[in-house]
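Visitor: I have a structure to look at, and I am new to strands and sheets. Could you take me through part of it?

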Amino acid sequence: MPNWTKYTIAILISLLIVGSVGGIIFFNLLAKSLPEYQGYRNLQGVSSAVEVFRDNYAIPYIFANTDEDAAFALGYVHAQDRLFQMDISRRAAEGRLSEVFGKATIPYDIMFKTIGLDRTVYRDIGKLSVESRRMLEAYSNGVNAYIKEAKGKYPIEFDALGYDPYPWKPEHCLMIGKLMAWELNISWWTDIAFTDLVQKFGEQKASQILPDFPENAPTIIPSAIKNYPKEMPLSFIETDKSFREFFGFSGTHIGSNNWVVNANKSTSGKPIIANDPHLALQAPGKWYVAVIRASSWKADGVTLPGVPGIVIGKNQNISWVMTNAMLDDADFYIEHIDSTGKKYLLDGQWRDLKSTKYIIAVKDSERVELNVKETHRGPIISSIHPFRKMYPNKDREKVKLSMRWTASDFTDELSAILAINKAENWGEFTSALKSFSAPGQNFVYADKLGNIGYYCAGKLPIRSENSTTFVYDGASSANDWKGFVPFEQMPSLYNPENNFIASANNKIVKDFNYHLSNLWEPPSRIQRITELLTSKDKHSLNDFKHYQMDFVSPYAKELTDYIIGAFQNVKVNDANLRMTLELLKNWNYELNEFSQVPTIEEVFFQFLLRNTFQDEMGQSLFNEYVFMANVPYRSIMKMLKENDSPWFDNIKTQQVEKRDDIIRNSLVDALNYIEQLLGKDPQNWQWGNIHKVILKHPFHGKIGFLDNYIDIGPYSVGGDGTTIFNTEYSFIEPYNLNLGPSMRFLFDFARPEEFYIILTTGQSGNVLSKHYKDMTEMWLSGKYIKVITDENFVRNSGYKLMILK
């Protein structure tokens, strides 16, 4: 039995018998891993005493004389509460998971060694500004101070896996930033999968099921695809999918909501700003709340454990929030390799491949040797073959793909974040954004003078053509990037006449000189946000709280109209079908967890997708197609509107089915499924009965009964991937959600010394801490923590005080 298995069983047994003397003793031993939040710490690395107050939710308020001391303290408290999360994240980025997890994670180490997050960081760290390097050193010293202090009483995950964390380096902070950029990158799937679909079904038929925006993409499908090899290598896609599942990065609506109103639309007479980033849900959560007061660094909001800086939040002059801009920041190329495997063809000439050898250490097994080959664009990623036995295909293995990704260039997001933390006005804010490259973000801004603004920040490649959602021919340099769009030409907005700004991963601008993306989210969320922000003249902070919890779906309204239309003049004999149509006709399109109608609509949608596509795609390709949820969301609605797609015909029947035939069949199939799952009594069909959320610990699934102690949930929840409160679930394995608001942030400039925040879990990553999940039920019910940042209030609050000196 593996050591961690024995250990976790022992933990469970101890918890079950905690009432006995032996259980109490063992529990106390485990509880030693809980950090102390008060008292004195004599540590090397701080120039003068740093005060760290902790409130009732373990949110730290850091008071330091210098910015470097504040960075040290932030590193220290991050390590206190999230050390295992930080350690596993840097291991993933470095390709070192197998040192502690064994053979199971070899594919992920191979993938990240090939992509080269660590390679890029080590190459470029010397290019950072002096201030950035100084802050990284101070932060790393803080992390290491806790690692040294806590030796012998690390969180239980380290004992379960049988290892101690190694020293933290500044490079690790940057790797975690790169890992975040990879999580938000969607081109890793689309370019290869879309090219595969065109090869399978031809240009004309594939074009009907692929998202497009013609005004920016006059050439949707490049003609050269017909000359490509018949099979695209999908092993890279399968490896990354598996990693995201393993690491808790599941979910593909990698987006968010943000909005701001100015004084003219605010009941307080000052701007009010809101943000809820949509990311994969896991335990512990993604973010960590902090308040920082130092000589020139005075900022509050959420941080990313492992990185020094307030990522989303406010300072004493401005506030900033983000959503994913969905920029197309990666391309793939079919490379022509010679028989020696050492050269590739470019413009009729053979060039040398760069080759780098790595050794991957594997726990309880032999080391793995890896040879990463690179063209001038980037690494050959099709050499990732960990799932070859699972997905055998000789034709695919012959194809060599290279990858070009903006985050593989030199980028300096840390310097941008630190400068934003200190910015005093729009000019300083936008100047800071010039250094922000990947992942591309929609930054929404407000300041104490009443100004509001928007800027799309990120490196956007300049390509020779706009048909960029497909694989390129690598033999021609004509397909290489021609540079990046100048920052000054990126979309921006300042003090608009309508007095508000909102973004929800929607199409940024109608006409633009360069290709931005064609993988925008369905417009449902931005339509609903706009509807709410234009529903009355002025809005309050409490209004914003309600808006962030909104479950009304404009997408559901459109879909329901087609269902009702398909049954007009059709005689219906089944009682439940008649009742269903009546419910749909009277529905307000709110996906409430206690309502039966969302269950009907959501299950219908699943059968609509299957009945439309699966007969021709087959199960495997269908699963590939619906993996990126925003693609079928958009394509099926386009097909419903056009009402002439041959995809509606079921090729397995003699008759030719039309749109309304498939709609009627899908609703009948949905009701049969619901009746089998929940019974024939509609009173039991509430959406929350099948739509649930579980915040999973990294050890989830290792021992079934242990999940009850390390996971958080399950909880019933409303919504879906088209509601403001985004509760996306996989179309492959519905209906438990895997992505949603990773936190909620609200700030009213009329009350400059307070903001509102809620996380999905809690500040602590320690499963034994009372702060491991003390925010979850508040997050579910729409409650917030009011964080008061006034120094006098904090000092007289009775909060726990820890002094680092």
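Visitor: In which sense do strands β16 and β17 pair?
Guide: This is a predicted model. Strand β16 covers residues 441-447, and six bridges link it to β17. Strands of a sheet can pair in parallel or antiparallel fashion, through backbone hydrogen bonds. Here the sense is antiparallel.

Visitor: Which residue of β17 is the bridge partner of N442?
Guide: Look along the pairing of β16 with β17, which has six bridges. Find N442, then cross over to β17. The partner there is C456.

Visitor: Which residue takes a positive phi in the hairpin of β16 and β17?
Guide: Four residues lie between the two strands of this hairpin. One residue there has a phi near 105°. That residue is G450.

Visitor: What stands opposite Y454 in β19?
Guide: β17 also pairs with strand β19, residues 492-494. Three bridges join them, and they run antiparallel. Opposite Y454 stands L493.

Visitor: How many of the six residues of strand β17 are buried?
Guide: Buried means under 20% relative accessible area. On one side, I452, Y454 and C456 are buried; on the other, G453, Y455 and A457 are too. So the strand is largely enclosed by the rest of the structure, and the count is six of six.

Visitor: Which strands stand at the edges of the open sheet β15-β10-β18?
Guide: The sheet has three strands in that order, with mixed pairing. Each edge strand has a single partner, so one side of each is left without a neighbour in the sheet. The edge strands are β15 and β18.

How values were computed
Residues numbered from 1 in each chain as written. Predicted model: local features only at pLDDT ≥ 70, side-chain atom pairs only at ≥ 80, totals over all residues. Heavy atoms only, no water. Buried < 20%, exposed > 50% of the residue type's maximum accessible area, 1.4 Å probe, protein only. Pairing = 2+ DSSP bridges.
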